[in-house]
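The following report describes a protein model through its overall dimensions, its interior and a few local features of the backbone.

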Amino acid sequence: TPTQLNYIQSRIASFTGNEAGLKEATLAVGEAVKSDQKNIELRRLLAWLLMEAKDYDGAFDTYRQIDALTSSGGKELFGFAERALNEKSHSAAARAYAEVIDRNPNFREMPRVRYGLARSLEELGAPAQPGDTSVAARYARASEMYGRIVFDYPNTDIAARALLRLALIKKEKLSDPEGAKDYLEKISGEYKIFLPTAIEAKLVLGEVYVELNDLGRAAATLSEVAGPPPFGGADREKAALRLAELRFYAEDYQGALAILSDLAKNAVSDAANDAIPLQMLISEHRKENAAGLKIFASARLLRAQRRYEDALGILDDALKADTANALRDRYAFMKGEILSDMKRPDDAIGAFSLIVDTLPESLLRDRAMFAVAGLYETAKADRVLAIGMYERLLEKYPNSIHANAARKRIRELRGDTI
């Protein structure tokens with residue numbers, strides 16, 4: 001029964017974290033399924049174990065069988081597809097969504113199924129035509145599906161979400177802020193009753209206006225979400241933070257600080273994690289180092305606008321011109337971040353290493369070490385150098401906020417099982 005299944009899962013969960021134990025349990029339940037072909041709950045247990053083992057392809061096959069045995073008309077497969085998508089197993093999710101569509105054309109939740117398939121294909125980034133490696137081709141299938149959803153289900157929440165995905169593909173994948181703007185403005189004008197999506201669209205639209213250097217419209221759009229202080233709620237706080245950044249870019253430090261001080265009151269919020277460092281930066285440098293702060297703000301704005309080469313030019317000039325500037329480590333760190341964004345790992349390592357090797361008193365030194373180690377690990381696939389830098393971080397900064405993450409990365413890179 002379902003109650004018995006929940007009880008068994010709770011008992012088994014105590015050792016599913018152990019690879020050997022999970023494998024043995026999966027084999028045992030698989031054998032039990034063979035002996036009792038019509039036992040649905042046993043198949044559910046097997047599917048759960050397969051998903052615990054991240055074998056979503058195996059779980060897909062099992063849920064196909066459950067769907068058929070229970071005559072659910074796609075309901076079981078749809079539930080599996082939603083979980084697979086949530087767990088970022090996009091290939092299995094896409095297969096499950098596609099099968100629901102093919103075998104159940106009158107499925108009640110068809111708009112959600114079609115949206116889920118589009119999301120899965122978007123994440124997979126598989127080209128519509130084999131061999132076409134262009135970025136546009138990688139997102140053509142998903143974009144076409146989103147467009148059809150908007151056409152087939154106008155003035156619905158699912159259409160609003162599809163429009164938002166189209167905007168994000170334009171903005172994040174195709175570097176087309178103008179194209180993104182059109183979709184986002186459509187949501188703001190025609191789909192504003194669907195509040196969660198409409199608010200997210202306004203937040204993204206604010207970023208797009210910044211990218212297009214229309215800072216006035218960016219501020220107006222973000223103000224609609226932020227409202228007046230005090231700011232409360234994640235969306236309002238995020239919008240307020242962006243407004244503070246706009247004031248920072250405009251050298252309105254007093255205005256920026258007024259917003260940041262309000263955001264900092266909610267110390268556990270995500271916005272506060274970004275607001276407090278910016279608040280400290282402005283407070284420390286707006287008087288004694290106003291020229292240096294202006295350089296930093298200008299480079300940060302150019303980065304937000306994806307004008308990476310222009311930002312690097314400003315930062316390089318600043319690093320060469322004044323080797324004693326108190327913001328030298330900030331310049332170098334931003335340079336490293338931009339170079340990472342540009343997929344230039346060797347140059348990024350060089351920028352971060354300026355802090356690691358020449359600025360021993362910098363408060364960013366542990367972060368720079370962690371960034372270098374991460375680049376060695378991911379971009380360079382050099383396990384030895386990555387471990388060495390993580391160990392150096394732990395030796396120099398055992399109490400760093402990055403220490404626990406560094407220890408975890410060392411264990412995983414070494415293949416430790418404990």
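The mean positions of the 59 positive and 62 negative charges of the protein lie 2 Å apart, where Lys and Arg count as positive and Asp and Glu as negative, while His and the chain ends are not counted. Each charge is placed at NZ of Lys, CZ of Arg, CG of Asp or CD of Glu.

This is a predicted model, in which local features need pLDDT of at least 70 and side-chain atom pairs count only at pLDDT 80 or more, whereas totals for chains, interfaces and linings use all residues. Residues are numbered from 1 along each chain as its sequence is written, and side-chain values use heavy atoms, with hydrogens and water left out.

**Overall build**

The protein has 23 helices and zero strands; helices (H or I, at least four residues) and strands (E, at least two) are DSSP runs, numbered from the N terminus. The C-alpha trace spans about 80 × 55 × 45 Å along its principal axes. About 21700 Å² is exposed, and carbon and sulfur atoms supply 51% of this area, as computed by the Shrake-Rupley method with a 1.4 Å probe. Of the 418 residues, 46% are buried, with buried meaning under 20% relative accessible area, exposed over 50%, and partly exposed in between (1.4 Å probe, protein chains only). Among contacts (heavy atoms within 4.5 Å) between residues at least 6 apart in sequence, 50% join residues at least 24 apart.

**The interior**

The largest nonpolar core holds 131 residues, and F80, Y146, L184 and F248 touch the most other members; such a core is a set of buried Ala, Val, Leu, Ile, Met, Phe, Trp, Tyr and Cys residues joined through side-chain atoms within 4.5 Å. Helix 10 (residues 157-173) contributes the largest share of this core, 10 residues. Leaving aside residues up to four places away in sequence, F80 touches M51, Y56, A59, F60, Y63, A92 and A96.

Helix 16 (residues 270-285) has 16 residues and should span 22 Å at 1.5 Å a residue, which agrees with the 24 Å between its end C-alpha atoms; the expected span is 1.5 Å times one less than the number of residues. Its buried residues include A271, A272, A275 and L278, and the cover over the buried residues of helix 16 includes helix 14 (234-249), helix 15 (253-264), helix 17 (290-304) and helix 19 (328-341).

**Two residues of helix 11**

S188 lies in helix 11 (residues 177-190) and counts as buried because its relative accessibility is 17%. K186 also belongs to helix 11, but is partly exposed, with a relative accessible area of 30%. Not counting residues up to four places away in sequence, S188 touches K202 and L205, whereas K186 touches L163 and Y191. The C-alpha atoms of K186 and A201, which are 15 residues apart along the chain, are separated by 9.6 Å.

**Backbone exceptions**

Most residues other than glycine have a negative phi, and most peptide bonds are trans. The peptide bond from P229 to P230 is cis, with omega near 0°, and P230 lies in the loop between helix 13 (215-226) and helix 14. The table lists two residues other than glycine that have a positive phi.

| Residue | Phi | Loop between | Relative accessible area |
|---|---|---|---|
| K88 | about 65° | helix 5 (75-86) and helix 6 (90-103) | 65%, exposed |
| K343 | near 60° | helix 19 and helix 20 (345-358) | 71%, exposed |
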